[in-house]
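Grab a coffee and work through these exercises with the structure open beside you. Each one sets a task and then walks through a solution.

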Amino acid sequence: MKESKRKEIEKWIETWEKAKPALDRVRLHELRAENYYNKNQFFLNEMLQYAFEHREIRLSSGLVEQQRIFMKLNKQTD
């Protein structure tokens with residue numbers, strides 16, 4: 001990578017790192033707003049509808065799967 005390109009990338013990284021705290025404050029303010037749900041109801045409903053339509057029915061819980069994986073890993077380390 002050319003040195004000039006590298007410096008440009010480093011400059012953008014520094015810029016975004018400096019902006020991050022302010023962007024986080026804005027995001028938290030938006031999420032905590034009293035009218036957040038009403039303002040974003042359409043998008044929230046669309047996301048929930050998508051999740052519902054693309055759900056995957058599982059015959060076991062995530063906990064059971066996790067225990068199975070841990071048991072398998074434990075056997076490998078013995």
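**Exercise 1.** Find the salt-bridge partner of Glu-56 and sort both residues as buried or exposed.

*Solution.*
- Step 1: Start with Glu-56, which has a relative accessible area of 59% and is therefore exposed, the cut-off being over 50%.
- Step 2: Look for the partner. Glu-56 makes a salt bridge with Arg-58, and their closest N and O atoms sit 3.7 Å apart.
- Step 3: Apply the cut-off again: Arg-58 comes out at 61%, so it is exposed too.

Keep in mind that this is a predicted model.

**Exercise 2.** The structure has 4 salt bridges in total. Work through the one between Glu-10 and Arg-6, and say how far apart the two residues are along helix H1.

*Solution.*
- Step 1: Recall the background: side chains of opposite charge can pair when their charged atoms come close.
- Step 2: Check the distance. For Glu-10 and Arg-6, the closest N and O atoms are 3.5 Å apart, and the cut-off is 4 Å.
- Step 3: Count along the helix. The two are 4 residues apart in helix H1, so about one helical turn separates them.
- Step 4: Add exposure. Glu-10 has 35% relative accessible area, which makes it partly exposed, and Arg-6, with 44%, is partly exposed as well.

**Exercise 3.** Do the same for Arg-68 and Glu-65: which helix holds them, and how exposed are they?

*Solution.*
- Step 1: Place them. Both sit in helix H3, which covers residues 62-77, with a spacing of 3 residues or about one turn.
- Step 2: Read off the contact: their side chains meet in a salt bridge at 2.9 Å, N to O.
- Step 3: Classify. Arg-68 is partly exposed at 47%, and Glu-65 is partly exposed at 31%.

**Exercise 4.** Now the rings: what geometry does the pair Phe-42 and Phe-43 have, and what lies over the face of Phe-52?

*Solution.*
- Step 1: Count the aromatic pairs; there is 1 in the structure.
- Step 2: Take its geometry. The ring centres of Phe-42 and Phe-43 are 5.5 Å apart with planes at 75°, so this is an edge-to-face pair.
- Step 3: Check the surroundings: Phe-42 and Phe-43 are both exposed.
- Step 4: Move on to Phe-52, where Arg-55 lies over the ring face, 4.1 Å from the ring centre.

**Exercise 5.** Track down the surface patch that includes Met-1, then place Met-1 relative to helix H1.

*Solution.*
- Step 1: Name the members. Met-1, Ile-9 and Ile-13 make up a nonpolar surface patch, together offering about 320 Å² of accessible area.
- Step 2: Locate Met-1, which belongs to the segment before helix H1 (3-32).
- Step 3: Classify Met-1: with 74% relative accessibility, this residue is exposed.

**Exercise 6.** Zoom out and compare the whole protein with a compact globule of 78 residues.

*Solution.*
- Step 1: List the elements. There are 3 helices and 0 strands, running α-α-α along the sequence.
- Step 2: Compare the radius of gyration. A compact globule of 78 residues would come out near 12 Å, but this protein has 23 Å.
- Step 3: Box it in. Along the principal axes, the C-alpha atoms fill roughly 50 × 45 × 20 Å.
- Step 4: Look at burial: 1% of the 78 residues count as buried.
- Step 5: Finish with one long span. Lys-11 and Gln-76 lie 65 residues apart in sequence, and 46 Å apart C-alpha to C-alpha.

Conventions
Residues numbered from 1 in each chain as written. Predicted model: local features only at pLDDT ≥ 70, side-chain atom pairs only at ≥ 80, totals over all residues. Heavy atoms only, no water. Patch = residues over 30% accessible without salt bridge, like charges linked within 9 Å, V, L, I, M, F, W, Y side chains within 5 Å. Areas by Shrake-Rupley, 256 points an atom, 1.4 Å probe, with all protein chains shown as cover. Buried < 20%, exposed > 50% of the residue type's maximum accessible area, 1.4 Å probe, protein only. Phe/Tyr/Trp six-rings, centres within 6.5 Å; stacked < 30°, edge-to-face > 60°. Lys NZ or Arg CZ within 6 Å of the ring centre and 35° of its normal. Rg over C-alpha atoms; globule rule 2.2 N^0.38 Å.
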